[in-house]
Amino acid sequence: MNTEDEELTSGERDSLAALRQDPAPSDSLERSVLRALAARGLVRARRTATRRWLPPLLLLACGAALFAAGVLAGARTETPRTPSGLPRYVLFLEGSEEPSLEEEARRVQEYKSWARGVAAAGHLVSGEKLSPGATRIGEGAELSGGDSVRGFFVIAAADDAQALEIARGCPHLRHGGRIVVRKIAPV
Amino acid sequence: MDTGEASDRRLVEEYTRRLDEAAFLVLYRRHTPALLGLAARLSGGVRRDAEEIVQEAWLRAAGSLVAFRWDSSLRTWLSGIVVNSWREFLRARRRDVAWEDGPEAGALGAPAAQRIDLERAVARLPEGFRAVLVLHDVEGFTHNEIGRILGMEPGTSKSQLARARQALRRLLGSPGTTRAEGGQG
């Protein structure tokens, strides 16, 4: 490699091509990727035949237990919980660039796909896209602001870290938006 | 870059329709060796860094696959995500700690009586040069594909490559070299 010519000599070409040795990915990397995808609601394990044929009575028993847990959880004055027993969080989606109509339609599908994954993982409670503009009432209503929220999702998560992990997977961040994560407080 | 595009399409469709783990795993296992190799070459051969970059790339890709328009091959698109993840990885690392023995620390200014091999020389190229040179001369992407991956005109990729090769030759052959030319990131 001692010429200043732009083109590679055959020796240089061979030397550089020899750098191309793709390492075998480790099993731990695969597990780590799958765990992270599951936490963000981006992958759903295929149901197995065993699971499909769970005896109906067992399913009924599980349903009754979940119902009882939900009733008991609702009776307590602590952070509201979903039937799965997890605290809830609100993800406020703020700002982001204004897309064209075509791009917006595409993004709606993208957000829906993400939300389907979060729901499949048992973390999504609800979510809505908000129309532009806001009407303010009450003291200080003449002040501007409050209309930066474009939409929201209510999710269930084990703790703050998991809620943030789920929020990081939301496509809103890739489109220049911000997400404010708030835990729903006990009432 | 034939990676079985028809098969990729079917798997992507299966994954995005039902977030099917099995379909994702086939895609993951098919493309990860090459992506990990690319990340390793970009990050100077540090496996831990390469794995972190590839993991981040797959998380981004999984969230964006539904919007992938197939105007390039899946491998090219994934490689672009790896390159972007690598760039952000570098930026985050620069924020957190100063380079200690990384590619752009004292290496370029070090006395070049020390013999450096090709891989280390590539790792010492500035970010923009390294990306173009690795993508073209090692990975075998065309300038059109590199333009799509790096968000630049194919002509810019070509001129960057010429300068990257010159910088690499200087690193390998000129003991007094203290710094390669800039290179657009």
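How many aromatic pairs does the rule count over all chains?

1. The count comes to 7 aromatic pairs over all chains (Phe, Tyr and six-membered Trp rings with centres within 6.5 Å; planes under 30 degrees apart are stacked, over 60 edge-to-face, the rest tilted). A:Trp114 and A:Phe153 pair edge-to-face, at 5.0 Å centre to centre and 75 degrees between the planes. A:Trp114 sits in helix 5 of chain A and A:Phe153 in strand 3 of chain A, 39 residues apart (helices are DSSP H or I runs of at least four residues, strands E runs of at least two, numbered from the N terminus). Both residues are buried (under 20% relative accessible area, 1.4 Å probe, protein chains only).

2. This is a predicted model: local features need pLDDT of at least 70, side-chain atom pairs pLDDT 80 or more, while totals for chains, interfaces and linings use all residues. Residues are numbered from 1 along each chain, chains are lettered from A and ligands numbered from 1 in written order, and side-chain values use heavy atoms, without hydrogens or water.

3. Chain B and chain A bury about 3900 Å² between them, 57% of it on carbon and sulfur atoms (accessible area, 1.4 Å probe, lost on being put together, summed over both). B:Leu19, B:Leu59 and B:Arg169 supply 19% of the area that chain B buries against chain A.

4. The rule finds 3 salt bridges across this interface (Lys or Arg side-chain nitrogen within 4 Å of an Asp or Glu carboxyl oxygen). In one of them, B:Arg169 meets A:Glu12, with the closest N and O atoms 2.8 Å apart.

5. Chain B also holds an aromatic cluster: B:Tyr15, B:Phe24, B:Tyr28 and B:Trp58.

Technical notes:
Buried area is the accessible area (1.4 Å probe) that two parts lose on being put together, summed over both. Buried means under 20% relative accessible area, exposed over 50%, partly exposed in between (1.4 Å probe, protein chains only).
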